[in-house]
Amino acid sequence: MNCLELEKMAVTVRRDILTMICSAGSGHPGGSLSMVELLVATYCTQMHVDPKHPDAPERDRFVLSKGHAAPCYYAVLGELGFFDKAEFKNFRQLHSILQGHPDVKKVPGIDASTGSLGQGVSIAVGMALGAKAAGKNMKVYTILGDGELQEGQVCEACTAAAHYKLDNLTVMIDNNGLQIDGTNDEVMSLGNLHTRFETFGLNVIELPDGNDMQAVVYALALPTIPGKPKCILAHTTKGKGVSFMENQVSWHGRAPSAEELKVALKELGDGKIE
Amino acid sequence: MAGGISYTVDETTKLSTAEVYAKALSDLALQDPRIVVLTSDLAKSTKIGVFEERFPDRFYNVGIAEQNMFGIASGMAKCGLIPFTSCFAVFTACRGLDQVHTDICYQNLNVKMIASHAGTSFGQAGTTHHSTEDIAIMRSMANLTVIVPADGLETANAVKAAIELNGPVYIRINRGFDQIVNDGMDYGFQIGKAVQLMDGTDLTIIACGSGVFQAVQAARELAFSDGIKARVLNLHTIKPIDREAIMKAVQETRRIITVEDHTIIGGLGGAVAEIIAEGGKACAFRRLGLQDAFSPIGLHEDLMSYHKIDANGIIETTRALMKLDFEEDDNWEDEV
């Protein structure tokens with residue numbers, strides 16, 4: 001996929017996210033919209049996965065540490081054909097495969113069940129370590145929210161990632177600056193994240209605009225430094241793409257009404273590139 | 001794929017329970033390349049350091065970071081490996097619980113947790129290092145098998161059986177030496193099947209872990225001094241529980257005492273109580289263990305005595321139970 005196609009896919013994914021959450025009447029639009037470029041670029045330009053063989057043992061792996069952004073994950077997997085997009089309308093419904101947080105046992109293409117924050121990097125470290133132990137040439141990707149960096153386990157996991165020299169691991173931080181109760185700084189300041197992750201021993205690539213598809217694609221494609229895990233620190237906009245949701249903490253975990261959805265979809269357009 | 005191991009009492013008599021576990025796992029790892037070991041700076045304490053000597057590239061010491069360890073184990077299991085975590089019971093069932101719950105049990109992954117220093121066996125270290133709630137916590141986790149071996153050889157059997165089982169397993173062992181209960185490995189150990197060590201018709205003592213040896217001692221003493229015939233069941237698997245053996249004991253002995261180095265709430269005693277209550281057959285019943293309390297510190301044997309889960313405590317409770325005016329009606333039909 002070229003960059004224009006990726007951007008088109010990002011629009012489609014954003015439309016899916018909002019439609020899904022609106023039909024469920026609950027869900028997390030803000031953090032789903034902020035990480036669209038990170039996830040689309042990861043799946044479409046980096047990962048070796050096959051929707052027809054979602055469990056292929058040699059496939060690359062992805063862990064959504066910020067599990068509440070499941071709508072974004074489902075939209076990407078659905079658009080790639082891992083399951084029927086008709087499932088979107090069942091999001092969060094009884095017996096649906098699409099729970100509020102990703103479930104490895106239910107959704108083809110999902111590699112880890114998540115939702116309890118701060119745990120994804122450890123699982124990704126285990127996968128990357130397991131790949132090396134089993135002699136598999138497999139790459140592992142994970143996306144974290146910034147709020148969950150307040151969980152101590154993230155420090156444990158990044159320490160281990162550097163210690164084990166996991167150059168088959170890419171940790172992406174969706175730094176949209178907001179969490180449920182306010183801004184990161186209001187709730188619990190995170191300090192200098194670039195320095196923090198560099199101190200752990202990760203190769204930090206900072207993106208001033210993590211919603212710039214070209215920049216994300218470029219960062220993901222940068223060659224790996226042997227023996228170093230890659231960390232993409234992406235400054236993103238929560239609620240990206242919908243003017244009334246952007247940078248609004250209230251849209252962390254609230255569903256748009258049918259009327260709001262209509263306005264949002266109109267703003268997003270149909271994804272056609274002129 | 002796990003092959004055989006067979007140790008005699010003589011071979012293992014100088015080894016603590018954890019040392020037998022380390023030996024068994026190392027020998028089995030030679031036969032099964034999927035086995036890897038993780039520990040949280042407890043290679044020496046949990047005795048798994050010998051595995052590291054034999055398989056340095058299959059051994060991961062993640063430092064003092066239990067939550068991370070269980071997450072890593074989850075990821076490694078997803079790559080087809082069989083990770084064994086070697087960690088204190090209290091830091092497995094309490095510190096790492098969220099990760100054990102979500103990353104391992106919920107995803108039904110093939111991780112084996114060896115939880116050492118369980119119960120009050122780390123007695124003098126202090127109550128922060130005791131683990132007297134872990135059976136209750138762990139048996140409430142869906143998908144998880146919970147095993148509490150009585151001695152070193154049973155631990156070796158449990159490790160072997162855990163490898164043969166595809167799914168998460170929690171094996172709870174003590175610090176130091178356990179009194180020998182089994183005179184070999186070949187007594188038909190099977191996950192989910194209680195081992196009857198003594199037969200009797202007056203009451204049944206159901207025990208696990210370090211309580212099993214004490215139960216046998218008590219039963220012998222009761223037979224000798226009181227003429228009481230006690231059945232002793234080693235209920236090494238808490239989940240899946242051997243309902244059949246428990247109900248048979250209820251029907252045939254009408255009195256049950258459970259013995260565990262653990263709180264009486266939700267552990268072995270709680271699990272047995274659930275079976276009895278739903279079984280529809282009345283019986284006299286007592287749970288021995290920590291009576292809704294944290295333990296003081298001391299040597300393990302002194303604490304067993306303090307909590308009345310040693311032979312003397314069991315004998316005392318048995319005598320009291322035998323004196324109860326309990327309905328001895330043999331007609332079960334009217335009680336269903």
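**Notebook: two loops in chain A, one helix, and a helix pair in chain B**

I started at Gly239(A), which sits in the loop between β7 (230-235) and α10 (258-268) of chain A. A reminder to myself: this is a predicted model.

Is Gly239(A) buried or exposed? I looked up its relative accessible area and got 0%, so Gly239(A) is buried. Next I listed its contacts, leaving out neighbours within four places in sequence: Gly30(A), Leu33(A), Ser34(A), Met245(A) and Glu246(A). I then checked the pair Gly239(A) and Ser34(A): they are 205 residues apart in sequence, yet their C-alpha atoms are 5.7 Å apart in space.

**Lys66(A)**

Ser34(A) turned up again when I moved to Lys66(A), since both are in contact. I found Lys66(A) in the loop between β1 (61-64) and α4 (70-80) of chain A. Its relative accessible area is 2%, and buried means under 20%, so I noted this lysine as buried.

What does the side chain of Lys66(A) have by one of its polar atoms? I found the backbone oxygen of Gly31(A), 2.8 Å away. Not counting residues up to four places away in sequence, I also noted that Lys66(A) touches, among others, Met35(A), Leu117(A), Ile143(A), Glu148(A), Asp174(A) and Asn176(A).

**Helix α6 of chain A**

I wanted to check the length of α6(A), residues 152-163. At 1.5 Å a residue, its 12 residues should span 16 Å; I get 17 Å between the end C-alpha atoms, which agrees.

Which residues of α6(A) are buried? My list reads Gln153(A), Val154(A), Glu156(A), Ala157(A), Cys158(A), Ala160(A), Ala161(A) and Ala162(A). I then looked at what covers them: from chain A the cover includes α5 (120-133), β2 (140-145), β3 (169-175) and α8 (193-200). Chain B joins in with α4 (66-77) and α6 (97-105). Just past the helix, I noted that Lys165(A) has a positive phi of about 55°.

**The two helices from chain B**

Having met α4(B) and α6(B) as part of that cover, I looked at how they sit against each other. Their axes come within 9 Å and cross at roughly 5°. Angles under 35 degrees count as roughly parallel, so I wrote that down for α4(B) and α6(B).

Who makes the contact? On α4(B) I found Gln67(B), Phe70(B), Gly71(B) and Ser74(B), and on α6(B) Gln99(B), Val100(B), Asp103(B) and Ile104(B). I sorted the residues of this contact into three nonpolar, four polar and one charged.

Terms used
Residues numbered from 1 in each chain as written. Chains lettered and ligands numbered in written order. Predicted model: local features only at pLDDT ≥ 70, side-chain atom pairs only at ≥ 80, totals over all residues. Heavy atoms only, no water. Helix = DSSP H or I, 4+ residues; strand = E, 2+ residues; numbered from the N terminus. Expected span 1.5 Å × (residues − 1). Buried < 20%, exposed > 50% of the residue type's maximum accessible area, 1.4 Å probe, protein only. Contact = heavy atoms within 4.5 Å. Axes fitted to C-alpha atoms, helices over the stretch in contact; angles between N-to-C directions. Parallel < 35°, antiparallel > 145°, perpendicular 65-115°, else oblique. Nonpolar A, V, L, I, M, F, W, Y, C, P; charged D, E, K, R; others polar. Polar contact = N/O pair within 3.5 Å; in protein donor to acceptor, adjacent residues only side chain to side chain.
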